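User: I'm new to this one and would like a close look at a single part. Could you walk me through how the domains of the chain sit against each other?

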Amino acid sequence: MKTKNIVKTLILFLFCMAKSSAQEVLTIEDAIKIALENNFEIKIAKNTSKISETNVTIGNAGMLPTATASVVDNNSIQNSSQTRQDGTSTSLDNAKNNSLSYGVSLGWTIFDGMKMFARLDQLKELQKLGDAELKRTILVKIGQVNSAYYDLVQQQQQLAALDTTIVISTQRLDLAKNRFSIGKASKLEVLNAQVDLNSDQVALLRQKESYANAKILLNQYLARDPKVQFTVTDLVTVDEKLVFADLLDLAQKQNPALEAQIINKRIAELQLKQVKADRYPTVQLTSGYNFNESQSSLGFTSEASSRGLNYGFNATLNIFDGFNQHRNEKIAKLDIENTQIAIEQQNMILNTQLSTAFQTYLTNLELIGLEEDNEEIAKQNLSITLDKFRIGTITTLEFRTAQLNYVNAKVRYSNAQYQAKLSEIALKELAGNINF
């Protein structure tokens, strides 16, 4: 009987190992790569950035001439009558009149108070703003992928801890049954052991559910089928060498939110230049080549045609527009002032977020060391308690307490690593320095 049980256990173990090995082992680097390629919000941000890049042309700034072709064909049928100067008259029913004109015209603004150059610079700044938004989106999404990934690592470690405690609870139940069978324990001890084992199995099922849902969430961030199965690594590596001054310096240069506010100020300054350009005259060159043809059933001329080149220029200057020019300039200056205030506000927010996140980071680093020591102590305590329980020198309550202390210590250690990793990710995201 024992041999059969051993064979069954071995077969089950090999089956589980084969199933596990068939799953993809997803590293954090692979997860980031997949997210950069597949994530919907990153794709949208990339296309938006390309739109801003495509808009940066001298034609869109108004520096190039415009050419248009036109064709106009008019026809009419009328009852017409005419009286000449000598008193004679003539009339014609259903008189046909036709006119056709077509040609090409060219217009080119050669001076508009330098507005076109300010417009081109503004388009370039809008492209930079699109790039900053793309970077912000990527940082946020990669931060989410990192958080979801290491949450899975933490939950995977908690599953291992619960597996361990079920093994211990099973041993305890077997010991209680053996002791009961030889009359050294009561039925109550067996029942208590069974209840505790059932409680551990319920906790394991709940943890498996949480683990499965966390996998689905990570698959969502990676924009792939929620049913894709994979495993993650068991190691959480926390960068313990972050320096606040270095992070603050990087944030001043790379934080996309602050960068966007600085770009917005530059855009507002260029908008003021365009508004001021309306004080100057606008000069346009015009030319074209046209062909005209007409036919009339009644009149002195039955047919006429002309073709040829026309050219010239026009200039306009705003002399008075009800003080709108002054009002527009004042509004543009206030917009610049607002963007400067927004920069100062963003700087303060950034410094506050960095300071808070860094303090949390330092606390979590200390907790890692403490919880690691606690786990080792709880492990030793459980080992000693288990030996004493086997020889019957301690109660089941003392054993259960030691068992739960060990599980809780492992969970707290895993959570401390996870929280420290989240702090590291948050700091690097604020500094615009997440590696992707």
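Analyst: Sure. Let's start with the layout: the domain assignment splits the chain into domain 1, made of 23–56 + 112–281 + 321–431, and domain 2, made of 67–110 + 282–316. Keep in mind that this is a predicted model.

So how far apart are the C-alpha centres of domain 1 and domain 2? They lie 73 Å apart. As for who takes part in the contact, domain 1 brings 4 residues and domain 2 brings 4 residues.

Now for the area. Putting domain 1 and domain 2 together buries about 300 Å², and carbon and sulfur atoms give 61% of that. On the domain 1 side, the residues that lose the most area to domain 2 are Asp112, Met116 and Pro281, which together make up 96% of what that side buries. And how many salt bridges does the rule find across the interface of domain 1 and domain 2? The count is 0.

While we're here, have a look at a helix pair too. Helix H2 covers residues 28–38 and helix H3 covers residues 40–54; their axes come within 6 Å and cross at roughly 50°. That crossing angle is why H2 counts as oblique to H3. From H2, the contact uses Ala35, Leu36, Glu37 and Asn38, while H3 supplies Phe40, Ile42, Lys43 and Lys46. Sort the residues of this H2 and H3 contact by type and you get 4 nonpolar, 1 polar and 3 charged.

Methods. Residues numbered from 1 in each chain as written. Predicted model: local features only at pLDDT ≥ 70, side-chain atom pairs only at ≥ 80, totals over all residues. Heavy atoms only, no water. Axes fitted to C-alpha atoms, helices over the stretch in contact; angles between N-to-C directions. Helix = DSSP H or I, 4+ residues; strand = E, 2+ residues; numbered from the N terminus. Parallel < 35°, antiparallel > 145°, perpendicular 65-115°, else oblique. Contact = heavy atoms within 4.5 Å. Nonpolar A, V, L, I, M, F, W, Y, C, P; charged D, E, K, R; others polar. Domains from an automatic or database assignment. Buried area = accessible area lost by both parts, 1.4 Å probe. Salt bridge = Lys/Arg side-chain N within 4 Å of Asp/Glu carboxyl O.
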